Amino acid sequence: MTTTSPPLPRPRSRPRPRPFGRALCAMVTPFTDEGLLDLDGARRLAERLVSEGCDGLVLSGTTGESPTLTDTERSALVRAVAEAVGDRATVVAGIGTADTRHSVQLALEAEKAGADGLLAVTPYYSRPPQDAVEAHFRAIADACGLPLALYDIPGRTGTRIEPETMLRLAEHPRIVAVKDCAYDLLGTQKVLAGTELAYYTGCDEYVLALYAIGGAGYISTVANVIPRHFRSIIDAFDGGDTDEAARLQQLAIPLTELMMASGLPGTVTTKGLLNALGLPGGTVRAPLRPADRRTVDGLLTAYRELTRTKN
C-alpha cells in the first residue's frame, strides 16, 4: 500500500505581520544591592534600549528573572517601563507560569498595568500533553484582550509546542506570535508557510537565519548590551546587503557565545557586563549568583573587541 505525506500548506503571498516590531530585547530586571526592584534603573535601561534601536521590550521573562518576581513587582515593572517609553516601543509582559490560572491572572494584571502584548511560555516541569498545552494557551488568549506570543523553549520547559499544535493555535485571533527557541528550522518553516504567526528568534545566534526565512525579528538577551548592533543586522538585510548582515551576525559570535553558552545563565552574564559598563543591572536574585571577576573581564574584552572592529 502506497502512502503519501500530507501536502505542506501553501506559502503566504502577503508580507508577514510584525505585531511587536522587529527588534525586541528580553530586558533584565534591575535590582538594588539589597535585591529590591529598581524601577528607576528599569526606566533608564528601557530608555537606552529604545534610543539604541529596540522596537519593543519584553519584561519579566526568564531573562528578567520572572521566577523570583512577585505579582506586584511584575505589574509595577510594566507600569514604570510603559510610562518611560510611551508609544516609542511596545511593552510585552512575560506572564507564563506552570499554572494556567496564575498565568491568566498575570495576563489580566499586565493588561491593567499598560502592557501592549503578552509572552507565555509552555508550562514547565509538569510536561503536559499537546492537547493540554493547547488548552493552556487558549485559556490565556480567551481571558485577555492583548495579543499573545507563545514561547517555545523545550530545552528549559521539557515540552515542545509541536508544529501541528502551533497550526491550530494560530487560528485564535489573539495568538499572533512565537518566540522560537526550539532549534528546529524545519518545523518553524512548516508553521511559517501555513500561518501568519510572527516568528521571533529567542536564540541570538539565529537572528539572521530566522529572519532570512521569513521571521519577524528577534527577542534578544544579548541586545541588553549591544542593541544597536543586532538592529544593524536586520537593517542590513532589509537594505539588500546580505553580505554585511552576515558579517555583523558573525562579528557578534564571540560575545554571544560568552553570554549565552558559557555555562552561566544569560541573566548572570548580562547583568555582569551591564554593571561593568556602568549601566543599570544590579544584582541577581537567588538561586542565581553574580558573575565572578574573571567572567566579567572576559565579557568586557569581547565587548570591546566587538565595538572596536564593527566598522
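1. Let's start with strand S5, residues 148–152, which is mostly covered: five of its five residues are buried. Bear in mind that we're looking at a predicted model. Leu148, Leu150 and Asp152 point one way from S5, while Ala149 and Tyr151 point the other way, and all are buried. That fits the usual pattern: in a regular strand, side chains alternate between the two faces of the sheet.

2. Now the neighbours of S5. Strand S4 (residues 117–121) runs parallel to S5, and four bridges join the two. One residue pair to look up here is Leu119 with its bridge partner in S5, Ala149. To get from S4 to S5 the chain passes through helix H4 (residues 130–143), and this β-α-β crossover is right-handed.

3. S5 also pairs with strand S6 (residues 175–180), again in the parallel sense, over five bridges. Here Asp152 has Asp180 as its bridge partner in S6.

4. Just ahead of S6, have a look at His172, found in the loop between helix H6 (163–169) and S6. Is His172 buried or exposed? Its relative accessibility is 7%, under the 20% cut-off, so His172 counts as buried. Not counting residues up to four places away in sequence, His172 touches Arg138, Ala141 and Asp142.

5. On to helix H11 (residues 253–260), whose buried residues are Leu255, Thr256 and Met259. Seen down the helix axis, the buried residues of H11 fall within an arc of 100°, so they line one face of the helix. And what covers them? The cover over the buried residues of H11 includes helix H9 (227–238), helix H12 (266–276) and helix H13 (293–309).

6. Leu255 turns up again in the largest nonpolar core, which has 77 residues. Leu255 is among those with the most contacts inside this core, along with Met27, Leu57, Val81, Ile95, Leu118 and Phe230. Helix H13 gives the most to this core, with six residues. In general, nonpolar side chains of soluble globular proteins tend to be buried together.

7. Leu57 is worth clicking on. Leaving aside its neighbours within four places in sequence, Leu57 is in contact with Cys25, Met27, Ala46, Leu49, Val50, Val81, Val85, Thr90, Val91 and Val92.

8. Finally, don't miss the second, separate core of 18 residues, which includes Val121, Tyr151, Tyr200 and Ile219. Tyr151 brings us back to S5, where it points the way Ala149 does.

How values were computed
Residues numbered from 1 in each chain as written. Predicted model: local features only at pLDDT ≥ 70, side-chain atom pairs only at ≥ 80, totals over all residues. Heavy atoms only, no water. Buried < 20%, exposed > 50% of the residue type's maximum accessible area, 1.4 Å probe, protein only. Pairing = 2+ DSSP bridges. Right-handed = clockwise from strand over helix to strand, strands pointing away. Arc of directions from axis to C-beta. Contact = heavy atoms within 4.5 Å. Core = buried A, V, L, I, M, F, W, Y, C linked by side-chain atoms within 4.5 Å.
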